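Good morning, and thank you for making time for this presentation. I would ask you to keep the sequence and the structure in view while I speak.

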Amino acid sequence: MFSLIRPDGYTPTLVQNVEISGFTFIGARDTDNNKISTFIHLDDVENACIEKNEIASFKLAAKFNDGASNEAYQNTFYKNKFASCITCYEFGGAANRNNFTNNSYLNAELVYDFSAPNNVSETNVFTNENVEGCKNWAEWITTGFHPYKQLWIGLTIENPVSNGFT
């Protein structure tokens with residue numbers, strides 16, 4: 001739906017100060033009713049604020065960066081509700097110093113995906129995040145660079161068994 005991408009050669013070097021607030025977004029599906037869309041792609045983005053939205057039925061709700069040299073930092077996800085997405089966040093490149101506060105995640109396969117081979121993210125802060133009925137809350141890579149210094153304050157995981165997951 002939204003791609004915040006800075007084309008090569010443009011200044012400033014990052015897309016800056018974008019706000020998406022107060023909307024309801026429902027993902028597209030193919031003819032077999034499979035989820036096919038991405039809600040937002042942040043690639044070389046700084047100070048975006050994604051707040052108070054309802055985001056439902058996306059294959060990927062938010063993707064940070066395509067390449068290892070790309071940056072997305074000091075962005076805010078605040079009071080959003082993510083429902084029935086396959087993956088809520090995929091971290092790639094340098095996704096650093098982003099804040100995730102008071103978001104709710106319902107019935108997702110995976111909430112936070114740190115397993116992209118180009119992921120060099122660090123120092124993100126997750127405060128009062130609510131994960132309910134999701135299969136996995138986070139996934140990390142096991143070889144190469146590992147994301148580090150992620151901070152969770154008040155993570156709540158509820159009803160993982162209600163969807164048949166343990």
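Let me begin with a definition: a polar contact is a pair of N or O atoms within 3.5 Å, where, within protein, one must be able to donate a hydrogen and the other to accept it. Please also bear in mind that this is a predicted model.

With that cut-off in hand, consider Asn124. This residue is found in the loop between strand E17, residues 110-114, and strand E18, residues 125-127. Is Asn124 buried or exposed? Asn124 is buried, because its relative accessible area is 0%, and the limit for buried is under 20%. What does its side chain meet there? A polar atom of the Asn124 side chain lies 2.8 Å from the backbone oxygen of Ala95. There is also a polar contact of 3.0 Å between the side chain of Asn124 and the side chain of Gln150. If residues up to four places away in sequence are not counted, Asn124 touches Phe91, Ala95, Asn96, Arg97, Asn98, Phe100, Lys149, Gln150 and Leu151.

Two names in that list take us to the aromatic residues. How many aromatic pairs does the structure hold? The structure holds 29 of them. One of these is formed by Phe91 and Phe100, in an edge-to-face arrangement, with 5.9 Å from centre to centre and 70° between the planes. Phe91 counts as buried because its relative accessibility is 0%, and Phe100 likewise counts as buried at 0%. A further pair, Phe114 with Trp140, is stacked, with 5.3 Å from centre to centre and 10° between the planes. This pair links distant parts of the chain: Phe114 is in strand E17 and Trp140 is in strand E20, residues 136-140, and the two are 26 residues apart. As to exposure, Phe114 counts as buried at 0% relative accessibility, whereas Trp140 is partly exposed, with a relative accessible area of 32%.

I now turn to the sheets. One open sheet consists of six strands in the order E3-E7-E11-E15-E18-E21, and the pairing is parallel. Which strands stand at the edges of this sheet? They are strand E3, residues 19-21, and strand E21, residues 151-153; each has a single partner strand, so one side of each is left without a neighbour in the sheet. From one strand to the next, the twist averages 5°. At one of these edges, E3 pairs with strand E7, residues 49-51, over three bridges in the parallel sense. Within E7, Glu51 is the residue opposite Ser21.

A further open sheet of six strands follows the order E4-E8-E12-E16-E19-E22, again with parallel pairing. Here the edges are strand E4, residues 24-26, and strand E22, residues 156-158; because each has a single partner strand, one side of each lacks a neighbour in the sheet. Neighbouring strands of this sheet are turned by 10° against each other on average, direction ignored. Strand E19, residues 130-132, is joined to E22 by three bridges, and the two run parallel. Ile157 in E22 is the bridge partner of Val131.

Next comes strand E9, residues 60-64. This strand is mostly covered, since four of its five residues are buried. Which strands are joined to E9 by bridges? Strand E5, residues 38-43, runs parallel to E9 and is joined to it by four bridges. Strand E13, residues 87-91, also runs parallel to E9, with four bridges between them. On the E5 side, His41 stands opposite Lys63 in E9. On the E13 side, Leu60 has Thr87 as its bridge partner. As a general remark, the side chains in a regular strand alternate between the two faces of the sheet.

My final item is Gly27, which lies in the loop between E4 and E5. Gly27 counts as buried because its relative accessible area is 10%. Where does this glycine meet residues further along the chain? Leaving aside neighbours within four places in sequence, Gly27 is in contact with Ser37, Ala56, Ser57 and Phe58. For Gly27 and Ala56, the separation is 29 residues in sequence, while the C-alpha to C-alpha distance is 6.2 Å.

To close, I would return to the two loop residues in this account: Asn124 is buried at 0% relative accessible area, and Gly27 is buried at 10%. I welcome your questions.

Definitions and conventions: Residues numbered from 1 in each chain as written. Predicted model: local features only at pLDDT ≥ 70, side-chain atom pairs only at ≥ 80, totals over all residues. Heavy atoms only, no water. Buried < 20%, exposed > 50% of the residue type's maximum accessible area, 1.4 Å probe, protein only. Pairing = 2+ DSSP bridges. Contact = heavy atoms within 4.5 Å. Axes fitted to C-alpha atoms, helices over the stretch in contact; angles between N-to-C directions. Phe/Tyr/Trp six-rings, centres within 6.5 Å; stacked < 30°, edge-to-face > 60°.
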